[in-house]
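Colleague: Could you take me through the fold of this model, one point at a time?

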Amino acid sequence: MKAPASFFCFALILFLASCTDSKKNSVTLDEISHTTDKFEEVDKPEETGVIRDQKPKNAYFITAFDSLYKDASWFKLDSMLFPDRFGPSGLEKWYLLNQKDSLVALHYAFKDSLRTKNAFFNWIDCYGSKCTSYRVGSQFKKQSRSSLFLVGPNDLIYMESKFAIPANKLISLLNEKKEERNWIYVVEIPAGSKTRWSVIKEGEIKELNVR
């Protein structure tokens, strides 16, 4: 599946335009991830000015995405986002595009679980462009795009897509050994549907019941 060159050019112009002055001000994902709603098909794939695919040889998501989103083009997301404020020891921020969808994929690595959970709790305490406050077990407001949080001892992952995100398959690709699948929170936010909270310990998944 190969998208017209101007398709990618148009999409990148839209989302890069929303990222100006990122060194001073963090932007919300609402400003970045909805550009697919504005995509228009064009008849001249030979148009010039295309920003080249920036897919890396090595990345946290590389194995998983080569399986799940093999036809997508990768682009670095350089905007300052909310979790960047909490001193991650490592991070990757990607924006993937294909003819049908755009995918935001963020990975933050922290030195310990206290820092990881602190970043996550602060993020959901002021989530989205309206800074809506959520707590563990909350039902996120029904959204037009699907989202996924994975919170591990040292990893905070966020993904967003127009379509359903295959959380179980993604987790198995990120952690090939079942006993290494330990996630403090798995928060699935399907588009227009009920939020699902769960925990995974040594590969065993359990629904999180919070009263």
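Modeller: First, a term: helices (H or I, at least four residues) and strands (E, at least two) are DSSP runs, numbered from the N terminus. This is a predicted model, where local features need pLDDT of at least 70, side-chain atom pairs count only at pLDDT 80 or more, and totals for chains, interfaces and linings use all residues. Residues are numbered from 1 along each chain as its sequence is written, and side-chain values use heavy atoms, with hydrogens and water left out.

Colleague: What is the strand order of the open sheet?

Modeller: Two strands pair if DSSP finds at least two bridges between them. The edges, each pairing on one side only, are strand 1 (73-76) and strand 8 (204-207). The eight strands pair in antiparallel fashion, in the order 1-2-3-5-4-6-7-8.

Colleague: Which residue is the bridge partner of Phe149?

Modeller: Strand 4 and strand 6 are antiparallel partners over five bridges. In strand 6, Phe149 is matched by Val187.

Colleague: At what angle does helix 5 run to strand 4?

Modeller: Axes are lines fitted to C-alpha atoms, for helices over the stretch in contact (heavy atoms within 4.5 Å). Angles run from 0 to 180 degrees between N-to-C directions. Helix 5 lies across strands 4, 5, 6, 7 and 8, and its angle to strand 4 is about 40°.

Colleague: Why are the buried residues of helix 5 on the same side?

Modeller: Buried (under 20% relative accessible area, 1.4 Å probe, protein chains only) applies in helix 5 to Ala167, Leu170, Ile171 and Leu174. They share a side because the directions from the helix axis to their C-beta atoms cover an arc of only 100°.

Note on methods. Buried means under 20% relative accessible area, exposed over 50%, partly exposed in between (1.4 Å probe, protein chains only).
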